[in-house]
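Me: Hi! I have a structure to look at and would like to talk it through with you. Could you help me find my way around?

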Amino acid sequence: MMDYAKIAEQVMLRCDELGKISQSDEYLDRRYLTTQHQQANDLVASWMQQAGMSTWQDAAGNLCGRLASKQPDAPTYLLGSHLDTVPNGGKYDGMLGVLAPLCLLQAWHQAGVELPFHLDLVGFGDEEGTRFRSTLLGSRALTGQWPESWAELTDQDGISLRQAMQAFGLAFDQVHQAKIDTTSLLGYLELHIEQGPVLEDKNLPVGVVTAIAGAKRYALTVTGMAGHAGTVPMALRQDSLCAVSEMILTVEKIALQHGIVATVGQINNRPNGVNVISGSTQFSLDIRSEFDDQRDAALQQIMTAMEAIAARRKVQLSMEQTHAANAVHCDPRLQDVLSNAIQATGYEALTLPSGAGHDAMAIADICPVAMLFMRCDKGISHHPAEAVLEEDVAVTLAVLDKAIRQLPIE
């Protein structure tokens, strides 16, 4: 019988320790291919070795460990999440999804638990995309999807991805070696804090993810005519900011009608003077849904409405797509395994979609994927206030224990 409370205590302590590795003295900030990335890999590798795992760092800088089956030709399941953070981030986003399974595997190793498959655990080096502004670099490497153009991605200091890899002891031209053999790969499981308030609202420690929302992002510009705030009559104005204000409210209204989420999170206004009519306003649009057709239908309605607003207000609207990712649906059979494990632990098996992106989105290209969400305080994430309950970690470990033991092998 596993002592989940004791294992949970170890998970929390290790999250604290790993959370101290930061390139900033003021807050947690750990980015891809930095000295701190290597320090994190080294620390987690030492814990993997304590769990009886063989370890290696792949050609993209991901940390990998294997708890091997006694059957050399056994199939493989992949577990994992990311070890990088956003600037001023929290110590559970990503990290919990590596450390909780790791501590469970250590308990299994000590108890002599044997499995009919190999378990590979990956700490992805880059999920957030903070340094090079292109997300899922770590997990994309495992799928073999690294375009040559990525070599010239640069960070805020002008250092290219190729240069950063060289400084880290890697080679961009060898990153294809990180691609994994999928011949015997059966599936991928990822544990992650919810990053939202649903589980807390339902008073549940865990939930099963049905799908990861597909997102599209746009940069939009509305061009009007700047003018004197005191001399241009209201009826004759071509106020770009007023037009954008109406567009933003339209985004909110249509998103509610379609049951999707859409956000205008960034606005830049010119000339931005207290006594000047706005002449040019740039803003962002982020629109997401677990169903791509539902998202795109809402998007089309939003764009039609925006064009009508622009025409009525005699301003010009232009837009550029800056990001597109299709929704990823989790494997029904693996969802059932997680749901059954939650019910066997004594809780309702709530299902919910993920509005945030995860490494599972990339891994879905090569095998079935599933995700387990764990409650986090007030749904806060990407912030130092990120917090989880140790008792929830214990429940999550119990669910993972039951689920992994019941994974199908054919």
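Me: Before anything else, what counts as a cavity, and which residues count as its lining?
Reply: A cavity is a set of grid points where a 1.4 Å probe fits but cannot get out, and lining residues have an atom within 4 Å of a point. Keep in mind as we go that this is a predicted model.

Me: Good, so which residues line the second largest cavity?
Reply: The lining consists of Arg30, Arg31, Tyr32, His37, Ala40, Leu83, Asp84 and Gly125. The space inside that second largest cavity is about 30 Å³.

Me: And how does that lining split by class?
Reply: For the second largest cavity there are 3 nonpolar, 2 polar and 3 charged residues.

Me: How many cavities of 30 Å³ or more are there?
Reply: The count is 2. The largest cavity has a volume of about 80 Å³. It is lined by 13 residues, and those closest to its centre are Leu79, Leu189, Glu190, Leu191 and Leu400.

Me: Which elements give two or more residues to the lining of the largest cavity?
Reply: Three strands and two helices do: strand S3 (76-82), strand S5 (185-193), strand S16 (369-374), helix H3 (95-111) and helix H11 (390-405).

Me: What classes of residue are in that lining of the largest cavity?
Reply: You'll find 10 nonpolar residues there, along with 2 polar and 1 charged.

Me: You mentioned H3 and H11. At what angle do their axes cross?
Reply: The axes of H3 and H11 cross at roughly 65° and come within 10 Å. That makes H3 roughly perpendicular to H11. The crossing of these two helices is right-handed.

Me: What about H1 and H11, how do their axes cross?
Reply: Helix H1 covers residues 4-18, and its axis comes within 8 Å of the H11 axis, with a crossing angle of roughly 115°. H1 and H11 are therefore roughly perpendicular to each other.

Me: Is the crossing of H1 and H11 left-handed or right-handed?
Reply: H1 passes H11 in a right-handed crossing.

Me: New topic: pockets. What is the volume of the largest pocket?
Reply: About 1200 Å³. Its lining has 42 residues, and the ones closest to the centre are Arg217, Arg288, His323, Ala356 and Gly357.

Me: Which strands give two or more residues to that pocket's lining?
Reply: They are S7 (214-223), S9 (261-263), S12 (280-289), S13 (316-325) and S15 (351-354). S13 gives the most, with 4 residues.

Me: And the classes in the lining of the largest pocket?
Reply: The residues there divide into 19 polar, 13 nonpolar and 10 charged.

Me: Let's switch to strands. Do S1 and S2 pair in the parallel or antiparallel sense?
Reply: Antiparallel: strand S1 (residues 54-57) pairs with strand S2 (residues 63-67) over 4 bridges. As one example, Gln57 has Leu63 in S2 as its bridge partner.

Me: What do S1 and S2 form together?
Reply: They form a hairpin, with 5 residues between the two strands. In the turn, Gly61 has a positive phi of about 90°.

Me: Which residue other than glycine has a positive phi near 60°?
Reply: That's Asn88. You can find Asn88 in the loop between S3 and H3.

Me: Last one. What kind of peptide bond joins Arg270 and Pro271?
Reply: A cis peptide bond, with omega about 0°. Pro271 sits in the loop between strand S10 (267-270) and strand S11 (276-277).

Technical notes:
Residues numbered from 1 in each chain as written. Predicted model: local features only at pLDDT ≥ 70, side-chain atom pairs only at ≥ 80, totals over all residues. Heavy atoms only, no water. 1 Å grid on protein atoms, 1.4 Å probe; cavity = no way out; pocket = protein on both sides within 12 Å on 5 of 7 lines; lining within 4 Å. Points joined across faces, edges and corners; volume = space filled by probe spheres on them. Nonpolar A, V, L, I, M, F, W, Y, C, P; charged D, E, K, R; others polar. Pairing = 2+ DSSP bridges. Axes fitted to C-alpha atoms, helices over the stretch in contact; angles between N-to-C directions. Parallel < 35°, antiparallel > 145°, perpendicular 65-115°, else oblique. Left-handed = near helix turned anticlockwise from the far one by under 90°.
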